[in-house]
Structures are given as C-alpha cells and as structure tokens.
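Work through the following exercises with the sequence and the coordinates side by side. Each task is followed by a solution that goes step by step.

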Amino acid sequence: MRFGVFATSFELTARCVVVDSTLPRTRTADVRSSTLVGVLIGIAIMAAVDEIVFHQLLAWHHFYDRSTPSVALLSDGLLHAAEVITLVGGFFWFADLRRRRALSSRPAWGGFLLGAGGFQLFDGLVDHKVLRLHQIRYGVHLVPYDVVWNVAGAVLLLAGAAVLWRARSRRPGAGPR
Amino acid sequence: MTAAGPLAHAGHGAAGPTWLPLFPVALLAAGYVLAAVRNSRGWDHRRTASWLVGCALLAVAVGPLAQLPDNPRGHMAQHLLLGMLAPLGLVLAAPVTLLLRVAPPPVRRAVGRLLRSRPLHLLAHPFTAALLTTGGLAFVLLTPLYAAAERQPVLHHAVHLHYLAAGYLFAWSLAGPDPAPRRPGLAVRVGALLAASAGHAVLAKYLYAQADSLPPGLTDRDPEAFRSAAQLMYYGGDLAELLLAAALFAAWYHSRRPRPSPSPSPSPSPSPSPLIKRFASPEGGSLTQSS
C-alpha cells in the first residue's frame, strides 16, 4: 500500500515509465525503483549541466531565440519545471531507497546513464531541432556541434542500456533481487 | 528614512514614510517570538528561525527594495521575495500550530472551525493556490493593472498583499507543517508545483520575448530593463521552485521514515516528540489517503 502510493506519486515526473505498484517486498533490493531513480537523477543532472555549463558558463545557448514559436515556450517551461522537481524528488527517493536498503547500485548506475543520455539526445533532437528553442552555439557552423552533441547522448544512452542489460542477465544467478 | 514610500515612483512622492510597511512585519516577528517564548511545552528553535528569516525577507522587500527608483528589476525582486521566498519561511514556521498552542480555548475553537470549513479546503487546494499565485501574477503583468499600480499606491499595496497571501497559501498547501485537513496526496501537490512553476517560467520567457509591449499601458518603458527583469523572474522562480520542492519532498521523506517495528537496527533519528510532530505534520495521514 505504501509503495503503491509512492509509485503513483512519481508518475508525474517519470512519465512514460510504468511503475509496478503491486511490488510486495520492501526489505530486499528493489531493482525497478533503483533503475527508475537512476533515470530520474540522470535526467536531472544532465539538465542541470546543460543549464549551468551551456547557458550560464559558456553562454553558448541563448535564453530566448527569436525564432522560438510559442508552443515551444510552453514545452520549455513545462520541461524546465519538471527538471527541478525531478532533481529534488529523485534525490529524496534515492535517500529513501538507501535508508530502506532497497537500493541496487548496478541498475541505478545503468538508469543514470540511460537518463542522462536520453535527456541529451532529447534536448539535441527535439528541443534544438524540432521545437527550435535555441541552438547549441550561434555564429558558427552548427553541424559538427549537433553531431557531437547527439552522438555523445547516444553513447551515454547505449552505455546505460548495456549496464542495465548486464545487471538483468546476471540477476537469475546470485544477484540480489 | 523619510523618502517617499515604496510605491512612490518617480514623482509620486505623496505616500507615507518608508517605515510604515515595516511596522506590520515587525509586529509579525515580535508576536511569533513572544508566543514561542510563552509556549510552556517548548518550541522548536528552527521554526522560530524560519519565521524570522521569512520576516527578514519581507522587510527587505518592503524596506530597502522599495526605496529603489522605479525599476522593473526592483519590482521583480519584490515580487520574488513577497510572493515566493518569504512565504515559504513563514509557512515552515508553523504559525497556526503555535497559535493553537498558546491561544485561549475560544480562539482555538474558532481556528479549528475555520480549518474544517469547506470554503477553506477549496481555497487551499494546491491547484487553486497555484492559480492564485501564478495566475494572479500573470493577471498583473499582462493587463494594465501593472501600469495602474505604478500610479496608485493603494493598488500597489493591494497587489503586494495578494502576492504574499497567495504565496503563503500555495506554500502551505504544498508543504506546510501546519494542520491542513483534507490535503490532497503527494501526486496532486507535485502536479500543482509543476503547473505553477511551468506557468511562471513560461510567463517569464513570454515577458522577455514581448518586452517591447508588455506590461501594457506604460508611458515610458525601457525594454532592456524589462528583459532583465524577466530573466530575474525566470531564475528566481527556479530557486523558489527548488526550495518548495525540497520542503515538499523532505516532508514526504520524513513521513516515510521506518517505524521501529521489524527492523533490527535502531532508528537513526529518534523524533523528540512524535505526538507533536504528528499533529504538526499531517503528512502520514494525507499520504495514505492519496490513492
């Protein structure tokens, strides 16, 4: 019951991820929650890096790009607000899993890489190209930047998937579950 | 200290002296400290500190910031302090719990009745409160109300009072340790925070994009200053969202702390008085109702 309540509460920040609300155990390592909390923190950390490094330190990204359509403003606002909530909620969830000794580190790391790469790729393809919120850098030839940005995201994403795959495949043996 | 009031912008120096808005703030601070000292059961000093921080932020907003010459950035900083940062400090200080401890029985009964009343539950629903804060702000900034409030001190005070009241209501509905009957579950509250913050961010970027024409009705405008104010609004809103989310999830984290039943390891942080904590924070109850 407690877990079910908790699971529904996070569906907002973890859209697209279905949380099994009927998991019976609470004491053993919780692989599903560990993965999910890794994904959330990965997304939030990558979003924070984007904001701090590219917007603030390098000032490559623009706060607002004149070609931004207003629908993109709405999506940007929602995403931006969700990132902050995800960061805070993810860390408190992480702390709660650790406190209950339910955290499983491999799935958490896999989820982290998956979330970080997924966000990078999403930002590079949807925010920069589809919604045209802003570009990576201005006054330069964009293609190399776009390629590096999206390939880096894809590499992170695949690395995360690989770590998760390995964690899953070793589970039936002696892995904690 | 004798210059024009907070609302006296360039040439409207007829408002009262600047210390006038500081008076109610000082009254709030002194009243709380007095009540905390009088409370025989002891009062958590962190709550008192939180209240005093909230009052200090209020004082900055209505004192020094109001002295600045007419300037959109100053107004935006006032809005951020009055409507977002100060209310969180005040809410986390649990003033209603303190009042229920020290007030005579008739007052307590009246407060209890008020807390159980249907209209309050509607008003203090996280989504209503979100609409009042972010929607109220949008209403001020997107209509000629902003320009009117620049001319009329009374209106300006009223707008500030609305910022404070709506911000307090929102922070209380999300994360207030004070008793809040029928408070919705965590998912609804996180959703309201998301909606309010997204609305705030969109409004900030929209104002940035339209700084040439918004807020409407101003005679002499400096678009660059409004763009700068819009950026302050965007990042200030982030800070407020971060703090609100931290308060919200910290309350959740606290409510989920393991009970000492089956665990062999001792509880890491023994609560000083579980009974009072339970009363002060209805988290546990509201969470179990939520789904």
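**Exercise 1. Determine what share of the contacts in chain A between residues at least 6 apart in sequence join residues at least 24 apart, and set out the fold of that chain.**

Solution. Start from the contact criterion, under which two residues are in contact if their C-beta atoms, placed from the backbone, lie within 7 Å. Among contacts in chain A between residues at least 6 apart in sequence, the share that joins residues at least 24 apart is 82%. Next assign the elements, taking helices (H or I, at least four residues) and strands (E, at least two) as DSSP runs numbered from the N terminus. Chain A then has five helices and zero strands, in the order α-α-α-α-α along the sequence. Finally count the burial: a residue is buried if 20 or more other C-beta atoms lie within 10 Å of its own, exposed if 12 or fewer, and partly exposed in between, with C-beta atoms placed from the backbone. On that basis, 41% of the 177 residues in chain A are buried.

This is a predicted model, in which local features need pLDDT of at least 70 and side-chain atom pairs count only at pLDDT 80 or more, while totals for chains, interfaces and linings use all residues. Residues are numbered from 1 along each chain as its sequence is written, and chains are lettered from A and ligands numbered from 1 in the order in which they are written.

**Exercise 2. Locate A:Arg101 and B:Arg182, and explain why each counts as partly exposed.**

Solution. A:Arg101 sits in the loop between helix H3 (70–99) and helix H4 (105–130) of chain A, and its phi is positive, about 55 degrees, although the residue is not a glycine. A:Arg101 counts as partly exposed because it has 13 to 19 neighbours in the sense used above, namely 15 C-beta neighbours inside 10 Å. B:Arg182 belongs to the loop between helix H10 (153–175) and helix H11 (186–209) of chain B, with a positive phi of about 60 degrees, and is likewise not a glycine. B:Arg182 has 15 C-beta neighbours inside 10 Å and therefore counts as partly exposed.

**Exercise 3. Identify the residues with the most contacts inside the largest nonpolar core.**

Solution. A nonpolar core is a set of buried Ala, Val, Leu, Ile, Met, Phe, Trp, Tyr and Cys residues joined through C-beta atoms within 7 Å. The largest such core has 107 residues, and those with the most contacts inside it are A:Ile85, B:Ala171, B:Leu193, B:Leu207, B:Ala230, B:Leu244 and B:Leu248. Its largest share, 14 residues, comes from H11(B). Leaving out residues up to four places away in sequence, B:Leu248 touches B:Leu174, B:Ala175, B:Arg189 and B:Leu193.

**Exercise 4. Decide which parts of chain B have pLDDT below 50.**

Solution. Use pLDDT, the predictor's confidence in each residue, from 0 to 100. Chain B has a mean pLDDT of 79, and 82% of its residues reach 70 or more. Over residues 1–16 of chain B the pLDDT is below 50, although this stretch has 32 contacts in the model beyond near neighbours in sequence. Residues 263–291 of chain B also stay under 50, with 36 contacts beyond four places in sequence. Where pLDDT is low, the predicted coordinates should not be read in detail. For the model as a whole, the scores are ipTM 0.71 and pTM 0.74.
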